[in-house]
Amino acid sequence: MGVRAGLPQERAGAGVVTCPTCGGDGVCYVLASHVTAPVYTTGPLAGFAERPCSVCDGTGEILDARAAWMAEGAKLRAFRDKRDMSLREAARWLGVSPVEWSDAEHGKIDPNPVRTLAATRAMATRRPEEDET
């Protein structure tokens with residue numbers, strides 16, 4: 001049983017949902033400048049290449065727990081955007097690494113500990129810019 005992003009790829013009785021990134025197709029389209037895969041040369045996909053989806057590893061499905069993490073991560077991103085903070089600034093403010101914050105936003109790791117810490121910190125402290133109104 002492989003592990004990716006902290007979630008087991010296979011779990012007995014675990015629910016799966018359609019991957020929100022590729023829509024269940026199992027592929028994504030990327031700019032072809034750094035890709036060795038075949039590149040479309042005509043039409044609306046000109047200059048793009050087809051690659052396996054990095055979220056579902058090309059299966060078109062993800063565990064429902066991963067989908068929940070992605071939804072919670074979107075709330076973490078909204079928290080940061082509302083305060084007009086860069087990812088690095090938010091990570092520094094919270095005392096976590098930028099990679100950890102990014103992984104939490106993208107649902108690669110459980111975002112709830114980071115969200116809880118951010119909410120607690122937001123209630124306890126204010127950024128100096130918030131006082132300049």
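Here are some worked exercises on the structure above.

The model is predicted, so local features need pLDDT of at least 70 and side-chain atom pairs count only at pLDDT 80 or more, while totals for chains, interfaces and linings use all residues. Residues are numbered from 1 along each chain as its sequence is written, and side-chain values use heavy atoms, with hydrogens and water left out.

**Exercise 1: the overall layout**

Work out which elements the protein chain holds and in what order they run.

Step 1. Start with the count: the protein chain has six strands and five helices. Helices (H or I, at least four residues) and strands (E, at least two) are DSSP runs, numbered from the N terminus.

Step 2. Read the order from the N terminus: β-β-β-β-β-β-α-α-α-α-α.

Step 3. Turn to burial, where buried means under 20% relative accessible area, exposed over 50% and partly exposed in between (1.4 Å probe, protein chains only). Of the 133 residues in the protein chain, 29% are buried.

Step 4. Look at contacts, meaning heavy atoms within 4.5 Å. Among contacts in the protein chain with a separation of 6 or more, 57% join residues 24 or more positions apart.

Step 5. Finish with the surface: the protein chain has an accessible surface of about 8400 Å², and 54% of it belongs to carbon and sulfur atoms. These areas come from the Shrake-Rupley method with a 1.4 Å probe; for residues, only the protein chains shown count as cover.

**Exercise 2: the cysteines**

Find how many disulfides the structure holds, and check Cys22 and Cys53 in turn.

Step 1. Recall the idea: a disulfide is a covalent bond between the sulfur atoms of two cysteines. The test applied here is a pair of cysteine sulfur atoms within 2.5 Å.

Step 2. Take Cys22: its closest cysteine sulfur is in Cys56, 3.7 Å away, which is too far for a bond. Cys22 is buried, at 7% relative accessibility.

Step 3. Take Cys53: the nearest cysteine sulfur is that of Cys19, at 3.7 Å, and Cys53 is in no disulfide. With 2% relative accessibility, Cys53 is buried.

Step 4. State the total: the structure has zero disulfides.

**Exercise 3: two aspartates with positive phi**

Place Asp57 and Asp84, then decide whether each is buried, partly exposed or exposed.

Step 1. Asp57 sits in the loop between strand 5 (48-52) and strand 6 (61-63). Its phi is near 60°, a positive value in a residue other than glycine.

Step 2. The relative accessibility of Asp57 is 42%, so Asp57 counts as partly exposed.

Step 3. Asp84 belongs to the loop between helix 1 (64-82) and helix 2 (87-94). Phi of Asp84 is positive too, near 55°.

Step 4. A relative accessible area of 67% makes Asp84 exposed.

**Exercise 4: the two sides of helix 2**

Identify the buried residues of helix 2 and say what they pack against.

Step 1. Ala90, Ala91, Trp93 and Leu94 are the buried residues of helix 2. They lie on the same side of helix 2, because they cover an arc of only 160° around the axis. The arc is that of the directions from the helix axis to the C-beta atoms.

Step 2. Arg88 and Arg92 are exposed on the other side of helix 2.

Step 3. The packing partners of the buried residues are helix 1, helix 3 (98-105) and helix 4 (112-124).

Step 4. Gly95, just after helix 2, takes a positive phi of about 85°.

**Exercise 5: helix 3 and its neighbors**

Describe how helix 3 packs with helix 1 and with helix 2.

Step 1. Two packed helices are described by the angle between their axes and the distance between the axes. Axes are lines fitted to C-alpha atoms, for helices over the stretch in contact, and angles run from 0 to 180 degrees between N-to-C directions.

Step 2. Helix 1 and helix 3 pack at about 120°, with axes 7 Å apart. Helix 1 is therefore oblique to helix 3. Angles under 35 degrees count as roughly parallel, over 145 as roughly antiparallel, 65 to 115 as roughly perpendicular and the rest as oblique.

Step 3. Helix 2 and helix 3 pack at about 110°, with axes 8 Å apart. Helix 2 is therefore roughly perpendicular to helix 3.

Step 4. Residues of helix 3 that meet helix 2 include Pro98 and Ser102, while Trp101, Ala104 and Glu105 meet helix 1.
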